[in-house]
Amino acid sequence: RYYFQTFGNFEMLVDDKIVHFQSKKAKELMALCVYEEGKPVSIHRILEYLWGDDATSVPAKTGYRRVIKDLSDSLKACGAEEILSREYGSIRVNLDLCDSDYINFMNGDPRALCLFQGSYMAQYSWAEDMVYKIQERKNIFMRSLK
């Protein structure tokens, strides 16, 4: 039911329909949770990634709560609230309930291998370093096919 497109631009699909998030930051927070591969994402990390140099500003320190609520509301609207776990001081996505091009790629799916064309969550600069990890893995896969 839940699919994350991470190669190219980030999108979340529920039952093959693109999820429309209540805000850009809510979508970015979902992407960050996927990027962290299901590990808890602390409030500090949310501030750092979503607000960058402005992480210590008053709007950031109060705005993160709104972003978490927007994300929760967006997921609830499409019947996907079960994938997000909120814990004291952090949130995480339950990837055991989801599928993604990245997960399929890391599991060696040849179709996912073809899907990676050199970009990962392209709209988020904080995700750029993952491109090198994926490209290295793709090169290993390609050499093993020869």
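In what order do the four strands of the open sheet run? The order is β3-β2-β1-β7, and the pairing is mixed. The edge strands, β3 (17-18) and β7 (98-100), each pair on one side only. This is a predicted model, in which local features need pLDDT of at least 70, side-chain atom pairs count only at pLDDT 80 or more, and totals for chains, interfaces and linings use all residues. Residues are numbered from 1 along each chain as its sequence is written, and side-chain values use heavy atoms, with hydrogens and water left out.

On the bookkeeping side, helices (H or I, at least four residues) and strands (E, at least two) are DSSP runs, numbered from the N terminus; two strands count as paired if DSSP finds at least two bridges between them. Strands of a sheet pair through backbone hydrogen bonds, either parallel or antiparallel. Within the open sheet, β1 (residues 2-5) and β2 (residues 11-14) run antiparallel and are joined by four bridges. Here F4 has M12 in β2 as its bridge partner.

Then there is a hairpin, made by β5 and β6 with two residues between them. β5 (residues 84-87) pairs with β6 (residues 90-93) in the antiparallel sense, again over four bridges, and S85 finds its bridge partner in R92 of β6. In the turn, G89 has a positive phi of about 80°.

Helix α2 (residues 43-51) brings in burial, where buried means under 20% relative accessible area, exposed over 50% and partly exposed in between (1.4 Å probe, protein chains only). I43, I46, L47, Y49, L50 and W51 are buried in this helix. Just after α2 comes G52, with a positive phi of about 55°. W51 also has company: the charged end of K25 sits over its ring, 4.9 Å from the centre (the cut-offs being NZ of Lys or CZ of Arg within 6 Å of the ring centre and within 35 degrees of the ring normal).

As for ring-ring contacts, the structure holds eleven aromatic pairs. Rings of Phe, Tyr and Trp (its six-membered ring) pair if their centres lie within 6.5 Å; planes under 30 degrees apart are stacked, over 60 edge-to-face, and the rest tilted. F105 and F116 make a tilted pair, at 6.1 Å centre to centre with 55° between the planes. F105 lies in helix α4 (residues 101-106) and F116 in the loop between α5 (110-115) and α6 (128-145), so the pair ties together parts that are eleven residues apart in sequence. F105 counts as buried at 1% relative accessibility, and F116 is buried at 0%. Elsewhere, Y35, Y49, Y102, Y120, Y124 and W126 form one aromatic cluster.
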